[in-house]
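Me: I should like to learn how to read the features of a protein model. Could we proceed one feature at a time?

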Amino acid sequence: MIVRQAYKFRLKTNEELEQKLVQFSGCCRFVWNKAIALIKFRLDHNISIPWYNDMAGFLGLWKRSEEYAFLNDAHSQILQQTLKDLYKAIESAFARGNGIRFPKFKKKYRHDSFRYPQGVKIDNRRIFLPKIGWVRFYKSREIEGKIKQVIVKREYKHWYVSVITEKEVEPITRLHSPIGIDLGVRKIITLSDGTYFKPLDLTKLEKKLKREQRRLAKKKKFSKNWYKQKARITKLWQKIKNKRYDYVHKLSTAIAKNHGIVVVEDLRIKNMTRSARGTIDNPGYNVKQKAGLNRSILRQAWGIFLRLLEYKLEWSGGRLVVVNPRYSSFTCPVCGLTSRENRKSQARFVCENCGFEANADFVAALNILERGFKNLSEDLCFLTQKRIKELVLELSTAGTAGGNACGGSALLPVKQEPAGNREGVMLPVKLKQGILSL
Ligand SMILES: [Zn+2]
């Protein structure tokens, strides 16, 4: 099985180099916009649009013309790649039912990027970009696999390279230590071995962002100060985004490193408001604040987390299994009774039938794991129903006895107590703090 992986690094630039990067991306943007204009004109006048090959021919004509001779300064392959990207975008826009809209004109600064299909070399901390030369970058991790393509991109003030590589891996070779994950809304990520992680707390930065946004609203639109304020907001956004990305990266690495099968909830079905509202007995805090914006951001962050986790697992021969999260926190992992009454509070689960008592998030993680086993069994026929129950029972009673789920050399302990302990509920199954290897 061939798997792809993307690595993103920040380039070490100087003024001269940045000029070159701006010039290259400018040429690509020009080609993109010119081609779209041409296609739109044809569509508006009911003329059939040119095929890619014809368009590539036009590109050759533009390059030979005096007016657009500046296109020759850019590497020819990145211009062709721009056209290929455009045609791919148009194709998916025409394919029915996927909701993708017709590609738009690119704007300066917002869409400064270009892509090399080949010719890029990497030598330790330097990357060779054709027609630009060797560029040093901040190497944060080793690159594995064969380089397939490289995207150079500006984000806010800095330039980055995304190196996409390919590697052949044995399909599902590491089916060891299967684990289920319950994604909490605000508080906690719980694994079915009882480890939990506290999601990144960005409230401070988010509050600051809101304050700055209020300040922007008071400024005169398009004035000097307004632009200044806007830049401040963009910077803050970027900071929040980077922090969140960094965190989900570390978290997914730690999990993929230690587990072969990871079972997660289908985010499209998961009810993200669950924890925000809480229950009648135990209403969630900051309900108003949490709804809306936070929910969509979290959904996005979890989406990225799962995507990262999936490719990291594939990369190491593992597998991500997605299951329906319905009633996962109302079902007893021991006797199977599903009832809302089982959930005594936000944190506490006590089975009405058999009396099994545990932290509710942990129960959800166990149920998710069990569903993953069932899905996999249908797929691979490697576990019987009986064995599945045994495994889940083992986990739910021995609970958390095993070693660290996510060990590592440099450790970042999670400070916050699990939700259950905070409320003073005695948990027969004690959750243990997660440790994130950096
Ligand atoms: Zn029960």
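Me: In which sense do β3 and strand β4 pair, and over how many bridges?

Reply: In general, strands of a sheet pair through backbone hydrogen bonds, either parallel or antiparallel. In this predicted model, β3 and β4 (residues 126–129) are paired in the antiparallel sense, with three bridges. As an individual case, D123 has R126 of β4 as its bridge partner.

Me: What is the strand order of the open sheet, and which strands are its edges?

Reply: The order is β3-β4-β5, three strands with antiparallel pairing. The edge strands are β3 (121–123) and β5 (133–136), each of which pairs on one side only. From one strand to the next, the twist averages 25°.

Me: Where is K131 found, and is this residue buried or partly exposed?

Reply: K131 is found in the loop between β4 and β5. Its phi is near 65°, a positive value in a residue other than glycine. K131 counts as partly exposed because 14 other C-beta atoms lie within 10 Å.

Me: Where is Y327 placed, and what is the sign of its phi?

Reply: Y327 lies in the loop between β12 and β13 (348–350). Its phi is positive, about 60°, although Y327 is not a glycine. Y327, too, is partly exposed, with 14 other C-beta atoms within 10 Å.

Me: How many residues has the largest nonpolar core, and which element gives the most to this core?

Reply: The general idea is that, in soluble globular proteins, nonpolar side chains tend to be buried together. Here the largest nonpolar core has 44 residues, and those with the most contacts inside it are I181, V262, V263, L309, A365 and I368. Elements giving two or more residues to this core include β8 (179–183), α5 (224–258), β11 (261–265) and α7 (287–315). The most comes from α8, with ten residues. Apart from this core lies another, of 26 residues, among them L11, C27, Y116 and I127.

Me: With which residues is V263 in contact, leaving aside its neighbours within four places in sequence?

Reply: The contacts of V263 include G180 and I181, V321 and V323, and also I368, L369, R371 and G372.

Me: What is the average pLDDT of the protein chain, and where does pLDDT stay under 50?

Reply: The chain averages a pLDDT of 79, and 78% of the residues score at least 70. Over residues 273–290 pLDDT stays under 50, and the model has 28 contacts beyond four places in sequence for them. Residues 399–430 also stay under 50, with 70 such contacts in the model.

How values were computed
Residues numbered from 1 in each chain as written. Predicted model: local features only at pLDDT ≥ 70, side-chain atom pairs only at ≥ 80, totals over all residues. pLDDT = per-residue confidence, 0-100. Contact = placed C-beta atoms within 7 Å. Pairing = 2+ DSSP bridges. Helix = DSSP H or I, 4+ residues; strand = E, 2+ residues; numbered from the N terminus. Axes fitted to C-alpha atoms, helices over the stretch in contact; angles between N-to-C directions. Core = buried A, V, L, I, M, F, W, Y, C linked by C-beta atoms within 7 Å. Buried ≥ 20, exposed ≤ 12 C-beta atoms within 10 Å, placed from the backbone.
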